[in-house]
Amino acid sequence: MLAYSEKLKFRELKTLNHHQTIKHQDRTKLMRRKHHIHPFEEEMLSLSNAPHNGGLFKARGFFFMHVHKNYRGDYRRDCREFERLNGLKNYVGFMTAADIEDVLARARVGKVEAHVTAGITNPAIAGETPPPWRPGTINIALIIDEGLTVGALANAIMTATEAKTYTLLKLGYNATGTTSDGIGVFAREGAVRWTGTATELGISIGRAVREALEESIRKWEKTGK
């Protein structure tokens, strides 16, 4: 299954300041930006914290939707509109202010394929009061070519998160993530129950996340943002 990125229409809310009143013409203005859409050949079970169709869901694909760095819109409505305008249905949707075409990275290890976008302007350490919010997030989407239980999907999220934190520390970021990270795992329903760090799938998850995230961070650092 090959992913593709292309310019797609999206109604972006022009919100330069959250205290400003959003005019009707700004709400309805269509803009062409770079997004990332990945369709599946078959319906897959999804577990995610995505703003669009998050939680446990049966997905036909996923997307990373680009929004303005000062975005303060109605994300539920805007994700639904994104699907409608682009002819999508039952997709899991993530949002990012990062320039997707500049920072998107993909890696495949064994049966695991990772898609990652990174922006680390608001690094945070779990358990500590975060710094003042700034736009920036890490989005991770994992496609696992195996039949998994719901528990294994949750286990995969744990393994991927550990790999994310290790990568940040390795690259010199004193952080466990950002304050707005997104993650989703997609697989067929099946009998595999474990995807932790001691399993073959878990090792592939960790390596794929580490490879893709490091590449995405390196790309993001080159943008100077």
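In this predicted model, N90 counts as partly exposed, because its relative accessibility is 32%, and its place is in the loop between helix 2 and strand 4 (91-96). The phi of N90 is positive, about 60 degrees, although N90 is not a glycine. Most residues other than glycine have a negative phi.

A second asparagine, N53, also has a positive phi, near 60 degrees, and lies in the loop between strand 2 (30-48) and strand 3 (55-66). With a relative accessibility of 24%, N53 is likewise classed as partly exposed.

The table sets out the accessibility of three asparagines that lie in loops.

| Residue | Loop | Relative accessibility |
|---|---|---|
| N53 | between strand 2 (30-48) and strand 3 (55-66) | 24%, partly exposed |
| N90 | between helix 2 and strand 4 (91-96) | 32%, partly exposed |
| N122 | between strand 6 (112-118) and strand 7 (123-124) | 1%, buried |

N122 counts as buried because its relative accessible area of 1% falls under the 20% cut-off. The side chain of N122 makes a polar contact with the side chain of T179 at 2.6 Å, and, leaving aside residues up to four places away in sequence, N122 touches W133, R134, G136, T137, G177, T178, T179 and S180.

Helix 2 spans residues 75-85, and its buried residues include D78, C79, E81, F82 and E83. At the start of helix 2, a side-chain oxygen of D74 comes to within 3.2 Å of the backbone nitrogen of R76, while the helix is followed by G87, which has a positive phi near 65 degrees.

Technical notes:
Residues numbered from 1 in each chain as written. Predicted model: local features only at pLDDT ≥ 70, side-chain atom pairs only at ≥ 80, totals over all residues. Heavy atoms only, no water. Helix = DSSP H or I, 4+ residues; strand = E, 2+ residues; numbered from the N terminus. Buried < 20%, exposed > 50% of the residue type's maximum accessible area, 1.4 Å probe, protein only. Polar contact = N/O pair within 3.5 Å; in protein donor to acceptor, adjacent residues only side chain to side chain. Contact = heavy atoms within 4.5 Å.
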